[in-house]
Amino acid sequence: MNILLSILKKPIVWLIIIATVAILYYRHSSNFKVEKQDKIEETEMDITSIKEIAEWEFLNIQREEFLDTTLKRGNVQLARIYTGTLRLGLNMKHARKDWAIRHNDTIQLYLPAIELLDRDFIDESNTRTFHESGKITPELKESLYEKAKLVMKAKALTPENISIAEHNAKDQFTYMFKSLGFKTVVISMNECIE
């Protein structure tokens, strides 16, 4: 041990050790080439998989509606509270075939309109009967249910909510395609249909 310590105290030994380590490091690292790549190469598969996801939700609206009905004959009354979640977004099944067109480092996206993604948005298990009297028929319950759907849709599909969903969609698709390496993302959207 004393011999090893006396050898390590000599500067020439340290110089040889450092030179050996440097040579080994240089030889090892010269076999590998490290390059920084600013652009991730996009593929047809990436773009296809974006379309195959089909439904993209960009805004969800929770609603609770109180509805009642009174029928004069038979003194029938029914009052219920309906709750539901309306999801606004894109259904890529409605996108045109050439929805993504590439021009060098620019991509033009033609997105379908914002729409209601689920037509059965009322949570029936959470529907509460507030008041009930007289003979309630299944037709009356169905009628009130359909009315609740119409009221919820009218309150959720406002120009403001559609605009928020469109803005969220544009932001999300811009971010996705920029992460695929496109410098410029141009988006056109159809107008909402409902």
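Two strands count as paired here if DSSP finds at least two bridges between them, while the strands themselves (E, at least two residues) and the helices (H or I, at least four residues) are DSSP runs, numbered from the N terminus.

This is a predicted model, in which local features need pLDDT of at least 70 and side-chain atom pairs count only at pLDDT 80 or more, whereas totals for chains, interfaces and linings use all residues. Residues are numbered from 1 along each chain as its sequence is written, and side-chain values use heavy atoms, with hydrogens and water left out.

**The whole protein**

Begin with the entire protein in a cartoon view, where five helices and seven strands can be traced, in the order α-α-α-β-β-β-β-β-β-α-α-β from the N terminus on. Of its 194 residues, 32% are buried, a word that means under 20% relative accessible area, with exposed meaning over 50% and partly exposed lying in between (1.4 Å probe, protein chains only). If you count contacts, meaning heavy atoms within 4.5 Å, between residues at least 6 apart in sequence, 77% of them join residues at least 24 apart.

**Strand S2 and its partners**

Select residues 76–91 next, which form strand S2, a mostly covered strand with 13 of its 16 residues buried. Then add residues 128–133, strand S6, which pairs with S2 in the antiparallel sense over five bridges; to find a place along this pairing, look for Arg-80, which stands opposite Thr-129 in S6. S2 is also joined to strand S5, residues 115–116, by two bridges, and these two strands run antiparallel, with Gly-89 standing opposite Glu-115 in S5.

**The three-stranded sheet**

Now move to an open sheet of three strands, whose order is S3-S4-S7 and whose pairing is mixed. Its edge strands, each pairing on one side only, are S3 (100–103) and S7 (184–189). On average, and with direction ignored, neighbouring strands of this sheet are turned by 15 degrees against each other, where axes are lines fitted to C-alpha atoms, for helices over the stretch in contact, and angles run from 0 to 180 degrees between N-to-C directions. Select residues 106–111 to see strand S4, which runs parallel to S7 and is joined to it by six bridges; within this pair, Tyr-110 stands opposite Ser-188 in S7.

**Helix H5**

Keep the sheet visible and select residues 159–179, helix H5, which packs on the sheet, touching S4 and S7, and whose direction makes about 150 degrees with that of S7. This helix has 21 residues and reaches 30 Å from its first C-alpha to its last, close to the 30 Å expected at 1.5 Å a residue, the expected span being 1.5 Å times one less than the number of residues.

Which residues of H5 are buried? They are Asn-161, Ile-162, Ala-165, Ala-169, Phe-173, Met-176 and Phe-177. Seen down the axis of H5, these buried residues fall within an arc of 120 degrees (taken from the directions from the helix axis to the C-beta atoms), so they line one face of the helix. Turn the view to the face directed away from this buried side, and you will find the exposed residues Pro-159, Glu-160 and Tyr-175.

Finally, zoom in on Asn-161, which counts as buried because its relative accessibility is 16%. Leaving aside residues up to four places away in sequence, Asn-161 touches Leu-59, Ile-61, Leu-88, Lys-155 and Ala-156. The tour ends after the helix, where H5 is followed by Gly-181, whose phi is positive, near 110 degrees.
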